[in-house]
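Trainee: Could you take me through one part of this model in detail? I would like to see how a helix sits among its neighbours, and then how that part fits into the rest.

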Amino acid sequence: MIVFPGLREVVSQGHILMLYKVHWLLMFSMPLLLAGCGGGGSSRSAPTPTPPPPPVGTDFDQGIFAASSIYKDICLNPRAGNFPDVQGTTDDENDWLRAWSNDLYLWYDEILDEDPRLFTTPDYFDVMKTFATTSTGNARDNFHFTFDTQEWLLLSQSGISAGYGADFELISTTPPREAIVAFVEPGSPADSPGTMLPRGTRILEVDGEDLVNGTSQAAVDALNAGLFPSAAGETHEFVVEDFDGTNRRTVTIVSANVEQNPVPEIFIIDTASGPVGYMLFNSHIAPAEADLVFAMDDFEAQGVTELILDMRYNGGGFLDIANMLAYMVAGPSAAAGRVFDETQFNDKHVSVNPVTGQALSPGFFHQVTQGFSSIPAGDPLPSLNLSRVFVLSGPGTCSASEAVINGLRGIGVEVVLIGDTTCGKPYGFYATDNCGTTYFSIQFRGVNAMGFGDYSDGFVPTDTPVEASEITGCLVADDFSRPLGDLD
């Protein structure tokens, strides 16, 4: 299976809720488009995961675990420089994974205790998880992954990652495939003269391989490598056309380190009932704090009475930023002194956070800035004091974005959900480095002020909500033929 990261995270000044947005071009189907309000629609599906067959074991103490600290930073290939790494072996790295997972993994008692000496470290991490499914047949844990530590730090703190600055939505990942550009970062390679890939652009070929119908493994490898470059400076050739099937053309594009703009568009719509704010919010990365505060300041100054929060492509980010955003929507009368999110670890850690050592307590709504960005910590947050918010959603609406929805619903703010079912990630983790690899393994769940956090199959927009994870709204397909924020 070929897996490529388009990483979005969820964190809270120390802990992380996060989405790893993976792309498979051949192995299973990604979300299908849904029909509009009143019509039918397809539902998302995922394969039922099965654990790999257990290898023939060597002698090891099955079911007996040492403290993970014994093996921490003992590495097959220690990093030079200011790192704690010391020389070790693959067995040391695997022993750390085994002990660490047994202590902190949310479903630790569902991990098959395999002999660490029989695996490479990447393969061993792959089995340090549950293979159970939800009641709808989806994998319970779809968010188990690793990242190069230096790349992770660059992405999470500054929003910089290698790519073209184009967000590719894979509407169908099995032939006939469909890949469409959802949005483009201004000034990025995909927004440059001669290589422009505006929203709605269809990708037909990548480096001579047929994206729509290519089936060989070589074709799949080339498609993935071209769509999701692993470094800056890679040159790839695309055959593309506009959304309506016209203007077919060939473009050569070079990847670069692209800085993401988390809040690329805000404006106000004048209506008979008052000004309505629109905000496109694409990532809860650290720089988003200042962007969100400036946007809400403007909305507050202009007397916005309704808000459209477009999080169709927002896979998550710092949980503290989600917290601040929710407070700025609801305001002090609804949110001050109330619980935004409460963290729950596995049954080994019911009263103390096992990572920070602090007593577990509810996470209240932030009323001041947290110091993630250019704005100093402690500044009072603006607020709109809204009793209702409209959220545009899709399968890429995940993690911290879902926490915004859940946190607001927990204090009685009405959320109207328009679009597609969200990704379903009420879970989070602490990004943990060992030997140059940062590991993301689900360690806790989050619940709102009403104690609700059971949306592992996503929040579902519907005009007749019955289940707690169903939200009043409308199932409607993403319209790639129109610009983001288009009033029609």
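Mentor: Happy to; we will start with helix 6 and its two partners, then turn to a few single residues and the protein as a whole. Please keep in mind that this is a predicted model.

Helix 6 covers residues 319-330, and helix 8 covers residues 400-410. The axes of these two helices come within 9 Å and cross at roughly 40 degrees. Angles under 35 degrees count as roughly parallel, so at this crossing helix 6 is oblique to helix 8. The crossing of helix 6 and helix 8 is also right-handed. On the helix 6 side, the residues that make the contact are Leu319, Ala322, Leu325, Ala326, Val329 and Ala330. Helix 8 brings Ala400, Ala403, Val404 and Leu408 to the contact. Sorted by class, this contact holds 10 nonpolar residues, with no polar and no charged ones.

Now look at helix 5, residues 288-301, which packs with helix 6 at an angle of about 5 degrees, the axes being 10 Å apart. Since angles under 35 degrees count as roughly parallel, helix 5 and helix 6 are therefore roughly parallel to each other. Helix 5 contributes Ala288, Glu289, Leu292, Val293 and Met296 to this contact, while helix 6 contributes Ile321, Met324, Leu325, Met328 and Val329. By class, the contact of helix 5 with helix 6 has nine nonpolar residues, no polar residues and one charged residue. Put the two lists side by side and you will find Leu325 and Val329 of helix 6 in the contact with helix 8 and also in the contact with helix 5.

Next come some single residues elsewhere in the chain. Ser156 is part of helix 3, residues 149-158. With a relative accessibility of 2%, Ser156 counts as buried, because the cut-off for buried is under 20%. The C-alpha atom of Ser156 is separated by 5.9 Å from that of Ile285, although these two residues are 129 residues apart along the chain.

The backbone has a few details that may interest you as a chemist. Pro175 and Pro176 are joined by a cis peptide bond, with omega about -5 degrees. Pro176 belongs to the loop between strand 7 (166-172) and strand 8 (178-184). Asp73 has a phi near 65 degrees, a positive value in a residue other than glycine. You can find Asp73 in the loop between strand 2 (15-23) and strand 3 (74-75), and its relative accessible area of 13% makes this residue buried. Cys435 likewise has a positive phi near 65 degrees without being glycine. Cys435 lies in the loop between strand 22 (432-434) and strand 23 (437-440), and at 12% relative accessibility Cys435 is buried.

Finally, let us step back to the whole protein. The protein has eight helices and 26 strands. Of its 488 residues, 54% are buried. If you take the contacts between residues at least 6 apart in sequence, 70% of them join residues at least 24 apart. The accessible surface comes to about 19800 Å², and carbon and sulfur atoms account for 52% of that surface.

Terms used:
Residues are numbered from 1 along each chain as its sequence is written. This is a predicted model: local features need pLDDT of at least 70, side-chain atom pairs count only at pLDDT 80 or more; totals for chains, interfaces and linings use all residues. Side-chain values use heavy atoms; hydrogens and water are left out. Axes are lines fitted to C-alpha atoms, for helices over the stretch in contact, and angles run from 0 to 180 degrees between N-to-C directions. Helices (H or I, at least four residues) and strands (E, at least two) are DSSP runs, numbered from the N terminus. Angles under 35 degrees count as roughly parallel, over 145 as roughly antiparallel, 65 to 115 as roughly perpendicular and the rest as oblique. A crossing is left-handed if the near helix is turned anticlockwise from the far one by less than a right angle, and right-handed if clockwise. Contact means heavy atoms within 4.5 Å. Ala, Val, Leu, Ile, Met, Phe, Trp, Tyr, Cys and Pro count as nonpolar, Asp, Glu, Lys and Arg as charged, and the others, Gly among them, as polar. Buried means under 20% relative accessible area, exposed over 50%, partly exposed in between (1.4 Å probe, protein chains only). Accessible areas come from the Shrake-Rupley method with a 1.4 Å probe; for residues, only the protein chains shown count as cover.
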